[in-house]
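This report describes one protein chain for a reader who is new to structural analysis. Please look at the sequence and the model before reading on.

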Amino acid sequence: VGGGAVTHTVSSLTAASKYTFTLFSVFENVRSSGISITAVTAPRNGQNLRTAGQDETSITLQWNKVNINTSFILQFDGTQTNISAPVGGGTVTHTVSSLAAASKYTFTLFSVFENVRSSGISITAVTAPQNAVNLTTTGQDETSITLQWNKVNINTSFILQFDGTQTNISAPVGGGAVTHTVASLTAASKYTFTLFSVFENIRSSGISIIAVTAPQNAVNLTTKGQDETSITLQWNKVNINTSFILQFDGTQTNISAPVGGGAVTHTVSSLTAASKYIFTLFSVFENVRSSGISITAVTAPQNAVNLTTAGQDETSITLQWNKVNINTSFILQFDGTQTNISAPVGGGAVTHTVSSLTAAFKYTFTLFSLFENIRSSGISITAVTAPQNAVNLTTTGQDETSITLQWNKVNINTSFILQFDGTQTNISAPVGGGAVTHTVSSLTAGSKYTFTLFSVFENIRSSGISITAVTAPRNAVNLTTTGQDETSITLQWNKVNINTSFILQFDGTQTNISAPVGGGAVTHTVASLTAASKYTFTLFSVFENIRSSGISIIAVTAPQNAVNLTTAGQDETSITLQWNKVNINTSFILQFDGTQTNISAPVGGGAVTHTVSSLTAGSKYTFTLFSVFENVRSSGISITAVTAPQNAVNLTTKGQDETSITLQWNKVSMNTSFILQFDGTQTNISAPVGGGAVTHTVSSLTAGSKYTFTLFSVFENIRSSGISITAVTVPSIPVNLRATERFETAIILQWNKVDNNTSFILKFDGTETNISAPVGVGAVTHTVSSLTAGSKYTFTLFSVFENIRSSGISITAVTAPQNAVNLTTTGQDETSITLQWNKVNINTSFILQFDGTQTNISAPFGGGAVTHTVTSLTAASKYTFALFSVFENVRSSGISITAVTAPLNAVNLTTAGQDETSITLQWNKVNINTSFILQFDGTQTIISAPVGGGAVTHTVSPLTAGSKYTFTLFSVFENVRSSGISITAVTVPNIPVNLRATELFETAIILQWNKVDNNTSFILKFDGTQTNISAPIGGGAVTHTVSSLTAASKYTFTLFSVFENVRSSGISITAVTVPPHPQGFRYTANETSITLQWNKINNNISFILQFNGTETAFSAPVGDGAVTHTISSLTPGSPYIFILFSVFENVRNSGITMVAFTGLQIMLLD
């Protein structure tokens, strides 16, 4: 009847069905053509929603399927999961994973048909608790094992299973680990314990540990034996599974469990002699040891060390050894006798002398250490008495380096030591009879020695006897010839010493020479000898009338000089000498300029000829010739001779022109002049006076001609062999040089040729080009390429004949200018384009042509690129520009570029929507040729030019929730973008995660969740109220306490994230407050039971009673009145502690404690 929309409800439809409705307008019973709509009814809820199973991190739900077209949505903790419509028959099963252990969850199941969900049904389910962690054994003895593990939380109790039994262990009240001792076990036994966490009567999967009880101690531990470094222990074995640990002096030894029967024996080695030890033996089973038993035992004493012979003579031996300690004495045994030696009082070694012994006799002594009447194993030493001295020690002979001694032998077992000059020689005991003879060698000639002879038996020597003896003198050394002439020889040798004289023998004569008085060598001249003769001299040293063995030397007298030494010839580098030979045994030595040459004795008759080569030209030499016999030369004769002069060196052409050539060469010496020959003429050139090179100019020559010159050096009218040089005159200058054509990189030059033998060199810009002599007639043409455009060049042309160039002629020519390079677009806007190119040079200007117009652009003055802006253009349009370089009114070939103006910016850029991970932008399109670039956060997105009409819409994803973004939008035409426009937009913040109740109280609940970031605040809604919570400042979770609540009540909290006044979709959690304490907690008791009573709180609050490590659960009472509970089978006259907890929705309060006592038992005596 009124205005507004018409609403109509169609009822009695089938659930989860699709209907098509057609609506007709009716006027005067005439209906319109009608319009239709399709709609569906909501599906039925799933039936029989139940928990099919759970573990620590998942719950499996099960329900009846609705039909094959109905899927489901499962919601819990602010999340939802889509579950497809089941294909087959039967129930639907779904497992929810990644849950928290020992937690209660509320699941809501919606049926879904055609995206329409049912009203939903809910179920509450619980996950299994977590296994306890760090289950370990903290101790054990022979009958018990103590276990320990970390508690799970205050609501989780435990069940411990082993050997078919199980024990309930209450949830721990305080912090710290849980400890439980299992008693009444068997010693040395292995047990497997399984521990289950229990939450609301649901066990965890359980964890197991294997532990063992300690074994029994071994029995009958005794000492079996000992020596100086070990003790052997023995005991009864426990069983085949029990090994042992033996401890002493801070060390322990593992001893394996015995295999067979009988006692166990173990030897402890590496002990200290004569020491007392306490050994503790532990039985070990599975690495667990018993309490242990101990025994004390002692080692034998140690042998004495360093038992040595400290001395002996012919009738006694003195022994010495290190004392062991002040408690250890000794026994010395030898030859069937023993001597007791007391333990030494002071420090140092022990010394004992055994007397009344036989000379040169071997004895064996055994020494025992004695400690508490126990001997050591003993050590032995063999010692001998000293032998008697030898008799009749005499000298039987000597020479320059040895003396021979002789004496009577002592016996077949006695050897000898001979000492002299700090040395000693071992002489073996003689085998046969007779005297002993020994030669001492390597002595010093002419010296006196004292020898001492010791008898030796078993390395022990007698007191010794001595004798003095002398060696013969030494031969003189370094006997040499120090000089000779034709009739005498002088000998020289080193003196021996001041006591030694000499005898010189030769040719059957001998001369006595006294011992020299002073230092230095001895010199003696033998005269009246024959020239060029060989003599043998023998020299003896004499000491106390005894000669040495003598040394000999062969020496010769000098030969006679050669005669008739003359010059037989010479050239520039050699001189030939000639002389008469002396005889067939006489050779020669020729000396000059500090060198000498050996010349063999001539074989045949006639004069001797010798050429001296490698001499210096034009030089005077003095030669000395010696006759040589047996390496001894005569006094020598001399001659002077001269070499021919040397050729001049470095003959070169110093310069030339068209009619003359100038030659230059190094002067030879100031005494050497020159002769120059060419073309059948010769010119005398005086020896130069000063230093430097010699220069001579030959004139009246023909241009472009070749000449050969020969130069001779002249010394005392003798010319050298001569040297030659070829030289040419300069050619004629070319004529009529001109530039016939020019290009941007080349110029063509032309000139008249000179003749068929004349080539050319063209020089410009520091380079030169060789141009061959022309073959035919006519002008010469040459193209110079690789030039720089727009540049001026000066070319110089030289005629060349035999590598000699003329003075040259020059011409200046210019190239066309170069095109500009790097023509680019450096910028544009909607109405202009800026062009840039490299300047050519400061002399080159430009012309820019486009759209039938041209603009003159001056040559740039400074460095850098040339920039020119073309204005008054149309936006988003394409233009072609042609650029010409201009040099002296000449254009280059030109280069072109195509450029476009920037498009217009888009208008009406707005935010059309956003969610947590995206923002949708919208703007008006520019035209069908203009695309877009969207920039934000260092990224850019290309958006194609729109095809149809209307606004352009673009969604930016994925973005970060709760973040502010600045977007810049550029219009793009032909890859050129507009100046751009910007907009700032914000995403929705993230939903907070991990919302949980961390602590519960009677009037408050503490909630905690992960913070989103420093910029995101929160709104908390419950019971029709909402609270604003500021964005957290620091790290970590966000904590908020909701107070003024009612005890034992259930609350649903919904939390929203808020960023820039935009809130997220929110998550919800259900939590309950702790129930209040029960009132009137009291008891009555008899001898064996206690009856407890307390007031009920309400119909929803149950109770848990704890005592003696167990707890009993009481359902919430149905009726009115107090709650009563009796505990029986108690001990008379004993105190008991009871803790009573109120429980609401599985949450208990802190509990109240009461101590109750059973009554005393009264016994009547007859």
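How much area does the chain expose, and what share of it do carbon and sulfur atoms supply? The exposed area of the chain is about 60400 Å², and carbon and sulfur atoms supply 46% of it. Accessible areas come from the Shrake-Rupley method with a 1.4 Å probe; for residues, only the protein chains shown count as cover.

The model is predicted: local features need pLDDT of at least 70, side-chain atom pairs count only at pLDDT 80 or more, and totals for chains, interfaces and linings use all residues. Residues are numbered from 1 along each chain as its sequence is written, and side-chain values use heavy atoms, with hydrogens and water left out.

**The chain as a whole**

The chain contains zero helices and 108 strands. Here helices (H or I, at least four residues) and strands (E, at least two) are DSSP runs, numbered from the N terminus. Along the principal axes, the C-alpha atoms fill a box of roughly 175 × 145 × 50 Å. The radius of gyration of the chain is 67 Å, whereas a compact globule of 1166 residues would have one near 32 Å. This radius is taken over C-alpha atoms, and the globule rule is 2.2 Å times the number of residues to the power 0.38.

Of the 1166 residues, 42% are buried. Buried means under 20% relative accessible area, exposed means over 50%, and partly exposed lies in between (1.4 Å probe, protein chains only). Among the contacts in the chain with a separation of 6 or more, 58% join residues 24 or more positions apart. A contact means heavy atoms within 4.5 Å.

**Annotated domains**

An unreviewed UniProt entry lists "domain: Fibronectin type-III" for several spans, including residues 214-303 and 386-475. UniProt positions are given in the numbering used here, feature names are shortened, and annotations may be inferred rather than shown by experiment. Residues 214-303 are 0% helix and 54% strand, with end C-alpha atoms 43 Å apart. For residues 386-475 the values are 0% helix and 51% strand, and the end C-alpha atoms are 44 Å apart.

**A sheet of three strands**

In which order do the strands of the open sheet of three strands lie? The order is 93-94-97, and the pairing is antiparallel. Two strands pair if DSSP finds at least two bridges between them. Strand 93 (996-1000) and strand 97 (1037-1042) are the edge strands, each pairing on one side only. On average, neighbouring strands of this sheet are turned by 25° against each other, direction ignored. Axes are lines fitted to C-alpha atoms, for helices over the stretch in contact, and angles run from 0 to 180 degrees between N-to-C directions. Six bridges connect strand 94 (residues 1005-1010) with strand 97 in the antiparallel sense. Within this pairing, I1006 stands opposite T1041 in strand 97. In a regular strand the side chains alternate between the two faces of the sheet.

**Two hairpins**

The table sets out two hairpins of the chain.

| Strands | Bridges, antiparallel | Opposite residues | Turn |
|---|---|---|---|
| Strand 55 (residues 587-592) and strand 56 (residues 595-599) | five bridges | Q591 and Q596 | two residues; D593, positive phi of about 45° |
| Strand 87 (residues 931-936) and strand 88 (residues 939-943) | five bridges | I933 and I942 | two residues; D937, positive phi of about 50° |

**Features of the loops**

Where is S98 found? S98 is in the loop between strand 9 (91-96) and strand 10 (104-113). Its phi is near 60°, a positive value in a residue other than glycine. S98 is exposed, with a relative accessible area of 72%.

D851 lies in the loop between strand 79 (845-850) and strand 80 (853-857). Phi of D851 is also positive, near 50°. This residue is exposed because its relative accessible area is 59%.

A cis peptide bond joins S957 and P958, with omega of about -20°. P958 belongs to the loop between strand 89 (951-956) and strand 90 (964-973).

**One residue in its surroundings**

T511 is part of strand 48 (residues 509-513). With a relative accessibility of 31%, T511 counts as partly exposed. Leaving aside residues up to four places away in sequence, T511 touches F502, I503, L504 and H524. T511 and T1088 are 577 residues apart along the chain, and their C-alpha atoms are separated by 150 Å.
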